[in-house]
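Take the structure below step by step, beginning with the chain as a whole and then turning to one pair of helices and to the cysteines.

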Amino acid sequence: MLWFRFLKMAMKTLSGTCSSDLLSLFRGVFCIIRPRLASPGKVFFCCRISSSTDAPVHELFNLSVVPPTLLASERKEAKSVLTLFLMQQGLSKAVAARTITKSNHFIEHLVSRLYSAHKSGYLVGRELTTPEIRDTLNPYLQSLVEEHGNFMVDFVKNFPSAPIQKKPALPVCRSHSSLYSKKPEAVSFVSAPSPAADLCPQFLYLLELGMDLEKIKLLTRRYPNFSYYSLEGKIKPLVEFLLDLGVPKSCIPTILSRRPSLCGHSLSKKIIPSMIYLEDLGVDKKQWAKVICRSPDLLCHSRQKVQAIVNFLHESGLSGDSIGNILTKFPAIVGYSLEDNLRPTAKYFKQLGVNAAIILCRSPVTFGHSIEGHLKPVTNFFLEREFSVEEVGTMVSRYTGLYTLSLTENLIPKWEFFPTMGYSRPELVKFPQYFSYSLEQRIKPRFALVKGLGMKMVLSSMLAPSQCNFEKVLIRNRKNLLADKGSSHTEDK
């Protein structure tokens, strides 16, 4: 109560002699202290009066006047802004996170800047919004980038000490301790061609494996961290492991281009245990070379992610053998989102009267297509041509790849040609695989040949056989046709 009385008296006394700014400041302190009087604790406020003038000069006030919960919230916001800023400068999410954990002093510095810039708001107990925090800190962080350049991360970690700036030893791919702005570092040779001798060992090794320079440039643009992987400790052991599995050397550049982060995983702690786990789920261990070539991402997923996909497949009615077969032949399904792809697509096909398990077994890639962007337009395409929902369901059950075909490149042109052959719509319901064959290389040439011989063939008999078998069928049908004509001619006589 003494603090309460003192502040009221001070405000009354100063109201006639102090400036409005100082009076507002006392009122702000009163608003902050009043709710805290019930609990013991120290409250600090710093204010000095300039000796040369009567104008008040406000300094950064002590953060102890701020409620702990609000202070923790602002620290969290500052960390988020700094993390995003570092990632925008080229750091990976993991490196940015490690930098944040070693930058407590700098985080406190950022929070102090927030309070300095918005002191009037804090003094009356107002919490800053995320855009306000971002708009306050980002220009400051950008100014530090311009000042410290490639040593920004060192500055953040060592704050308030200044980083020691050393001249990089290599012109293209450096491995010094500064992790800031990896992208300009890793791909500095992209804007200006460099001889192979100037490339770092990681890139030289990629050239030896057969990856061309343009693909290396693309890799480093997408994943600048690659240049920081140890060649002898990470990259070479992984490549040798893949070669031992039977992966062709020609496929290694493609695998590394598609999933460069694979080099960052430990063979003994991540990759091999993941393979053993997947084998227990049914992946054919004799097919690992093909599995990895199809989807190198498979070895990067967590067990929780893999198990969630396997549980969904079980719920859809698939057996253990079928699940193992899917993981072996189409491992990319593990990368699909349960909530955005798998469950909604299964529900959609159920509405068409189709068993989703059949599509998962025969054409799992269908589940990677957008419902609104692709599946519904394909369904509407058939409905607009007077196919019933039941007929559409029958067609996709008989040919599960139907929904993987392009409307403009497959379905529309082949449908437009279909009536010219004289077949009825039920023929398509019986044999929807018609849409899977090349219009110019198979459908038109075979139909022209059959028509030229004066024959009529069932759609499946005309298109499904191989060229060799098709010719045999033509010869047999031709003989039967001639025999029928001969017998009818004899009867006429």
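The secondary structure of this predicted model consists of 27 helices and 2 strands. The chain has 493 residues, and 42% of them are buried. Among contacts in the chain with a separation of 6 or more, 67% are between residues 24 or more positions apart.

One pair of helices can be followed in detail. Helix α5 covers residues 104-117 and helix α7 covers residues 130-148. Their axes lie 10 Å apart, and the two helices pack at an angle of about 125 degrees. An angle between 115 and 145 degrees falls outside the roughly perpendicular and roughly antiparallel ranges, so α5 and α7 are oblique to each other. Their crossing is right-handed.

Which residues of α5 and α7 meet? From α5 come F106, H109, L110, R113, L114 and A117. On the side of α7 they meet I133, T136, L137, Y140, L141 and L144. Sorted by kind, the residues of this contact are 9 nonpolar, 2 polar and 1 charged.

The cysteines are the last topic. A disulfide requires a pair of cysteine sulfur atoms within 2.5 Å, and by this rule the count is 0 disulfides. C300 serves as an example: the nearest cysteine sulfur belongs to C263 and is 9.4 Å away, and C300 is in no disulfide.

Is another cysteine, C361, buried, partly exposed or exposed? The relative accessible area of C361 is 34%. Buried means under 20% and exposed means over 50%, so C361 counts as partly exposed.

Conventions: Residues are numbered from 1 along each chain as its sequence is written. This is a predicted model: local features need pLDDT of at least 70, side-chain atom pairs count only at pLDDT 80 or more; totals for chains, interfaces and linings use all residues. Side-chain values use heavy atoms; hydrogens and water are left out. Axes are lines fitted to C-alpha atoms, for helices over the stretch in contact, and angles run from 0 to 180 degrees between N-to-C directions. Helices (H or I, at least four residues) and strands (E, at least two) are DSSP runs, numbered from the N terminus. Angles under 35 degrees count as roughly parallel, over 145 as roughly antiparallel, 65 to 115 as roughly perpendicular and the rest as oblique. A crossing is left-handed if the near helix is turned anticlockwise from the far one by less than a right angle, and right-handed if clockwise. Contact means heavy atoms within 4.5 Å. Ala, Val, Leu, Ile, Met, Phe, Trp, Tyr, Cys and Pro count as nonpolar, Asp, Glu, Lys and Arg as charged, and the others, Gly among them, as polar. Buried means under 20% relative accessible area, exposed over 50%, partly exposed in between (1.4 Å probe, protein chains only).
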